[in-house]
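Biologist: Before I plan anything around this protein, I would like to go through the model with you. Please keep the answers short.

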Amino acid sequence: MTQALVLNATNEPLSVVPGRRAAVLVLDGKADAVHLSGTVLRSENLSVQIPSVVRLQYYVRVPYLRRGSLSRRGVLARDDHSCQYCGHRADSIDHVRPRSRGGGHTWDNVVAACRRCNTAKRDRLPSEIGMRLRRTPQPPTWTTLIRLSAGEVPDQWSAYLRDDRALSA
């Protein structure tokens, strides 16, 4: 089934919900349809276009700092599936400061790495063996996590997913 992007009243992306839930939000008067997906939800007495993007009628205060859980999939997506040491296709993740040497399992200590670089580095610091990071690791943006959770992002969502603020780890 289709998915819909839920926007706060201020056009800030909040989450991704199933298209059916988005249609219910619109029917209940809790949200306005901004873009339609072209798919129709039918019942015995009603046919409703499923929205692709909905904007809530009221502002929802998010009382907590949004944090994305660290995952292999998330790290590879953040680093565009490229090794942060050599630039080749990454197939694993690496702790920049090895856990055996006090490094944490956090967004700012984990990078995507190819098998060759990961094996060569082992449990050493990159500086000890002359390796350099192509990009400093940092938590992904909230919109990156939304893109990751949605899988395929429709073109209609692009205008709303341009936030580049990093999450706090």
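**Core, sheet and helices**

Modeller: This is a predicted model. Its largest nonpolar core has 9 residues: Ala 4, Val 6, Leu 14, Val 17, Ala 22, Leu 25, Ala 31, Val 54 and Leu 56.

Biologist: Which helix and strands each supply at least two residues of this core?

Modeller: Nonpolar side chains tend to be buried together in soluble globular proteins. In this model the elements that each give at least two residues to the core are helix H1 (19–27), strand E1 (3–7), strand E2 (13–18) and strand E4 (47–56).

Biologist: What does Ala 4 touch, leaving out residues up to four places away in sequence?

Modeller: Ala 4 belongs to the largest nonpolar core. Its contacts include Val 17 and Ala 22, which are listed in that core too. The full set is Ser 15, Val 16, Val 17, Pro 18, Gly 19, Ala 22, Pro 51, Ser 52 and Trp 157.

Biologist: Which strands stand at the edges of the open sheet?

Modeller: The sheet has 4 strands in the order E2-E1-E4-E3, with mixed pairing. Each edge strand has a single partner strand, so one side of each is left without a neighbour in the sheet. From one strand to the next the twist averages 30°. The edge strands are E2 and E3 (31–42).

Biologist: What is the bridge partner of Ala 33 in E4?

Modeller: E3 and E4 pair over 8 bridges, in the antiparallel sense. Across to E4, Ala 33 is bridged to Val 54.

Biologist: At about what angle to E4 does H1 run?

Modeller: H1 lies across E1, E2, E3 and E4. Its buried residues pack against these four strands. The angle between H1 and E4 is about 85°.

Biologist: And which strand does H4 make an angle of about 5° with?

Modeller: Helix H4 (residues 142–150) also packs on the sheet, where it touches E1 and E2. The strand whose direction makes about 5° with that of H4 is E2.

Biologist: Why are the buried residues of H1 on the same side of the helix?

Modeller: The buried residues of H1 are Gly 19, Ala 22, Ala 23 and Leu 25. An α-helix has 3.6 residues a turn, so residues three or four places apart point the same way. On the other side of H1, Arg 20 and Leu 27 are exposed. The buried residues are on the same side because they cover an arc of only 160° around the axis.

Biologist: Which residue follows H1 with a positive phi, and which one takes a positive phi just after H4?

Modeller: The residue after H1 has a phi near 80°. The residue just after H4 has a phi of about 80°. They are Gly 29 after H1 and Gly 151 after H4.

Biologist: What do the buried residues of H4 pack against?

Modeller: Thr 143, Leu 145, Ile 146, Leu 148 and Ala 150 are buried in H4. They pack against E1, E2 and helix H2 (72–78).

**Single residues**

Biologist: Is Lys 121 buried or exposed?

Modeller: Lys 121 is in helix H3 (residues 115–121). Beyond its neighbours within four places in sequence, its contacts are Tyr 85, Asp 94, His 95, Val 96, Pro 98, Pro 126, Ile 129 and Met 131. Its relative accessible area is 0%, which is under the 20% cut-off. Lys 121 is therefore buried.

Biologist: What is the relative accessible area of Asp 32?

Modeller: Asp 32 is in strand E3. Leaving out residues up to four places away in sequence, Asp 32 touches Val 26, Val 53, Val 54, Arg 55 and Gln 57. Asp 32 counts as partly exposed, because its relative accessible area is 36%.

Biologist: How does Val 40 count at 33% relative accessibility?

Modeller: Val 40 is also placed in strand E3. With residues up to four places away in sequence left out, Val 40 touches Ser 47, Val 48 and Gln 49. A value of 33% lies between the 20% and 50% cut-offs, so Val 40 is partly exposed.

**Confidence**

Biologist: Over which residues is the pLDDT below 50?

Modeller: The protein chain averages a pLDDT of 87, and 93% of the residues score at least 70. Confidence is highest in strand E6 (residues 110–113), at 97, and lowest in H4, at a mean of 74. Where pLDDT is low, the predicted coordinates should not be read in detail. The stretch below 50 is residues 165–169.

Technical notes
Residues numbered from 1 in each chain as written. Heavy atoms only, no water. Buried < 20%, exposed > 50% of the residue type's maximum accessible area, 1.4 Å probe, protein only. Contact = heavy atoms within 4.5 Å. Core = buried A, V, L, I, M, F, W, Y, C linked by side-chain atoms within 4.5 Å. Pairing = 2+ DSSP bridges. Axes fitted to C-alpha atoms, helices over the stretch in contact; angles between N-to-C directions. Arc of directions from axis to C-beta. pLDDT = per-residue confidence, 0-100.
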